[in-house]
Every structure is written in C-alpha cells, then in structure tokens.
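Please open the structure in a viewer and keep the selection tool at hand. The tour below proceeds from an enclosed space to a patch on the surface.

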Amino acid sequence: MKKNSIAQLLINLHENIELDKLHDYIELQKKAAVIVNDQDTAKECWIAQTIIRIHAQHRQAFNLIAQKEYYNAWCQLERIEIDLHNLKRHFNTATNNYHLFQIEKILRNLQILFPYKLFGSVELLKKKKLCSVCNQEISIRKPCGHHVGEIYNGEMCHRIVTDAEVLGMAVVEDPGNKFSVMFIKDQSTGEQKDHYNYYPLEYLFSIIEDPYTDWNLEVSELSVKKSDFSCGRNDKCECGSGIKFKKCCLKTVGNTYPHYEFIFPNNIFSESISNIKHKKN
C-alpha cells in the first residue's frame, strides 16, 4: 500500500464510526510491508494508526466527561497528549489535517478546565531497561543501536523498565506524568474520595453534544464584589452552606476567581461562567 493510499483512508476520519475496523485493516497492510522490509510504508501505517487512535481516545474522553467519569476522562486526555507528542516527531500536526489541530486545541482547553492542580511525582532509579525492538538489555556501555522515538517495523522504539527502585515522591504542579492526581481519603470509609469541583466542565457539556464541536476558551480573573450577592448580612448565604452570609461568602469579597468564556467560531454567540463559590459549590 502506497503513502497516498493510506492518506486517502483517513479523509473524513472525524465522520468514520468504525475506527477499530480501519485500524485493523491498516495493521494488515503494515504486516505485509514488514514482510518485504518496506520500512517507509510500515512507518506510514504507524502514523495512520496513531492518528486513528487519537481520534478514538478523543471521542472516548468526550463521552467520559459527558458521563461525569472525570478522572477516567482526564487519563484519556493524557494518552492523547502522549500520542500527539510521539506523532509530531514524524508528522506535521500544525495544520488541521485529519482534525488533529482541533483535537489538540480542545485537549489543552479541557486540561485548563479540569480542577486538578497538584500531582504526585515519583523519583525512580531504573536498574534494568530493555529495548522494545530487539529486547536487549540497555545500558550506557551497551547500546543496541535502536533509538527511542524512531519507528522500526511499524512500531515506535521505547525502553521497557523491568527493575526499578523508588527513591522518593514529591507533590508538583507540572508533572511529566499527569495520571497521578491527588485525591483525599474519606476518613470514615478509608476509600478514595473525589473532592473536586467540576462545574466548568458540567456547564460546557450542557452546551456541546459533539466531540468535534469547534470551541475556544478565554480565561480571565474577576474579583468578588458585594454586589454579586443579593442576601443580607444576617441572611443564610445563597451559596447553600446553611450559615449566615456575614460568616460565609461575605468574607470572600475582594478575592479573585477564574472567569471562563466559551467561544464558538461557527456561531454568533459565546457563553461565559465564573467559577465562584456562590455560583456553584
């Protein structure tokens, strides 16, 4: 199969509802290319399969957010980010070919809207690593000749850690691994508890119904003003806390909070929300 033939299969990929079948078909073409040592075609097949996988993960992340399975959705977004990073070494994603530019823009916007700000970062001593291509043990003095990130026989080379020692763990804001979200522990049950506020995501997904809807995000900061509230000092606070306004949200006057504006280029309107306590607990 030639490069142009593979590219033809990806036209209107965002409308294709049988991504698994297309992925499997290209897998057969890749295996045939490997048999005759056609490395160029095998690499093109890997590129096509990665693009298909990104689309599948994008749809899955959208569905998970819609179902309010937020952490699972977050993990899918991280997988998309990893695949895009690997793909960019071999394919130009800067244009909107195959909707990759749009998917990456949505990915970044969704990551901003998620409330996860602190992550666990593990420091590892990697004692033994194998090459994913030749399965040879790798060390500084014993390289195998295969380079991480390059494509061999239609697969990307990486290192497989088979023996490691945990040296420590830190809490960071910008980790290399975004899977390690920090959750609290329910003291009564001992179970992990999701304590985060997903209101911006809930609001956005009350508006959009399709994973390929084109939207932009603008974030600014506003200040809490007393005029934002309609209740009196001794009235119950309108945030729903059940205590008096003067002992609750009145104390937040002067604080800043994020303001999100959702812009839909294909429509004549935009939507705005503010992630502020008295708007949503």
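For the classes used in this tour, Ala, Val, Leu, Ile, Met, Phe, Trp, Tyr, Cys and Pro count as nonpolar, Asp, Glu, Lys and Arg as charged, and the others, Gly among them, as polar. The model on display is predicted.

**First stop: the cavity**

How many cavities of 30 Å³ or more does a search of the whole structure find? The search finds one, and the volume of this largest cavity is about 70 Å³. To display its lining, select His58, Ala61, Phe62, Leu77, Ile106 and Leu110, then add Phe205, Ile208, Asp210, Pro211, Thr213 and Trp215. Colour this selection by class: the lining comprises nine nonpolar residues, two polar residues and one charged residue.

Next, select the helices α3 (39–66) and α5 (100–113), each of which supplies at least two residues of the lining. Which of the elements provides the largest share of the lining? That share, three residues, comes from α3.

**Second stop: the nonpolar patch**

Now turn to the surface and select Leu118, Val122, Leu124, Val166, Met169, Val171 and Met182, which together make a nonpolar patch of about 630 Å². Two or more residues of this patch are given by each of β1 (119–131) and β5 (159–172). The greatest contribution is that of β5, with three residues.

**Last stop: Leu124**

Finally, centre the view on Leu124, which lies in strand β1. Is Leu124 buried, partly exposed or exposed? Its relative accessible area is 42%, so Leu124 is partly exposed.

Conventions
Residues are numbered from 1 along each chain as its sequence is written. This is a predicted model: local features need pLDDT of at least 70, side-chain atom pairs count only at pLDDT 80 or more; totals for chains, interfaces and linings use all residues. Side-chain values use heavy atoms; hydrogens and water are left out. On a 1 Å grid over the protein atoms alone, a cavity is a set of points where a 1.4 Å probe fits but cannot get out, and a pocket is an open set with protein on both sides within 12 Å along at least five of seven lines; lining residues have an atom within 4 Å of a point. Grid points are joined across faces, edges and corners, and a volume is the space filled by probe spheres set on the points. Helices (H or I, at least four residues) and strands (E, at least two) are DSSP runs, numbered from the N terminus. Patches are made of residues with over 30% relative accessible area and no salt bridge: like charges are joined within 9 Å, nonpolar side chains (Val, Leu, Ile, Met, Phe, Trp, Tyr) within 5 Å. Accessible areas come from the Shrake-Rupley method with a 1.4 Å probe; for residues, only the protein chains shown count as cover. A salt bridge is a side-chain nitrogen of Lys or Arg within 4 Å of a carboxyl oxygen of Asp or Glu. Buried means under 20% relative accessible area, exposed over 50%, partly exposed in between (1.4 Å probe, protein chains only).
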